[in-house]
Amino acid sequence: MSDHLKRLAVPKSWPIKKKAHVWTTKQSAGAHAIENSMPALTVLRDLLGICDTAKEAKRIIGNREVLVDGKPLRSYKTPVGLMDVLTIPKMDESYRMVLSSKGKLTLVKVDKAEADWKLCRIENKTVVAGGKIQLNLHDGRNILLDKNEYKTGDVLKVSFDGQKILESYPLAAGSSALVSRGVHAGKIAKVKDYVVVKGPSANVVKFDDESETVKGNVFVIGLNEPAIKLPEAEN
């Protein structure tokens, strides 16, 4: 398979100039879908602008100078996805990957206290040996619990140190949510109702502004107010 991707074919969520060059880096397979992530090289060069060329970005990553969720990157193709925290120790700066109001992937600078954790959505749950509950999260990580305390669609605030659950945000009325995919991608809204649909159709989330979307497009980001720093609204 090709190591490159034509810029004209990149997802709409990638905030890069499509006609500046023919090709861009193709990310490797990972936990994040291509619509909600970008390869590390593109993030450093095109989003952060801390280097001018792919060669420079590869050298920075090869020297283990970039961390994602507290761990050093090993490949320039590694996808950096929604809610991931990217840290550059030499610059003493950290950023969280979120969506802008226009549905574009963007990095928001965060302080040290906010750089030690991330929000993870529960995609599904599994019962494993010993009767424990395994939570399978949106970024590929798993957490084992003794009790079945959370539901799919709920979001956990997870510390990078030992994967401790610091807080939980249910997919329920009153919660603040980010629409992560679809026509309304990037919108922040309050959940009005969560409707469980009988049959093969997806469950529906309704918002206070009377709009709605399917469950898979909703990422809860807090209770009454967002628990993360959000990008400034775009005109």
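Reader: What covers the buried residues of α2?

Author: Keep in mind that this is a predicted model. To read a helix like this, start with its buried residues, then look for what sits over them. Here the cover includes α1, residues 40-48.

Reader: Which residues of α2 are the buried ones?

Author: Helix α2 runs over residues 54-62, and its buried residues are A57, I60 and I61. Around the axis they span an arc of only 95 degrees, which puts them on the same side of α2.

Reader: And what comes after α2?

Author: Look at R64, which follows the helix: its phi is positive, near 60 degrees.

Reader: Where else should I look for a positive phi in a residue that is not a glycine?

Author: Try M83. Its phi is positive, about 80 degrees, and it isn't a glycine. You'll find M83 in the loop between β6 (79-81) and β7.

Reader: Is M83 buried or exposed?

Author: For that, check the relative accessible area, where under 20% counts as buried. M83 comes out at 0%, so it is buried.

Reader: What about Q163, how does its phi look?

Author: Q163 isn't a glycine either, and its phi is positive at about 50 degrees. Its place is the loop between β13 (155-159) and β14 (165-169). With a relative accessible area of 27%, Q163 is partly exposed.

Reader: Okay, on to pockets. How much space lies in the largest pocket?

Author: With a pocket, go for the volume, then the lining, then the kinds of residue in that lining. The largest pocket holds about 390 Å³ of space. Its lining is made by 16 residues, and V68, D69, K71, D139 and R141 are the closest to the centre.

Reader: How many of the lining residues there are nonpolar, polar or charged?

Author: In the largest pocket, the lining splits into 6 nonpolar, 4 polar and 6 charged residues.

Reader: What volume does the second largest pocket have?

Author: That one comes to about 220 Å³. The second largest pocket is lined by 16 residues, and those closest to its centre are T87, E93, S94, K112 and A115.

Reader: Which elements give two or more residues to that lining?

Author: Three strands to find on the structure: β7 (85-88), β8 (93-99) and β9 (105-110) each give two or more residues to the lining of the second largest pocket. Sorted by class, that lining has 6 nonpolar, 3 polar and 7 charged residues.

Notes. Residues numbered from 1 in each chain as written. Predicted model: local features only at pLDDT ≥ 70, side-chain atom pairs only at ≥ 80, totals over all residues. Heavy atoms only, no water. Buried < 20%, exposed > 50% of the residue type's maximum accessible area, 1.4 Å probe, protein only. Helix = DSSP H or I, 4+ residues; strand = E, 2+ residues; numbered from the N terminus. Arc of directions from axis to C-beta. Contact = heavy atoms within 4.5 Å. 1 Å grid on protein atoms, 1.4 Å probe; cavity = no way out; pocket = protein on both sides within 12 Å on 5 of 7 lines; lining within 4 Å. Points joined across faces, edges and corners; volume = space filled by probe spheres on them. Nonpolar A, V, L, I, M, F, W, Y, C, P; charged D, E, K, R; others polar.
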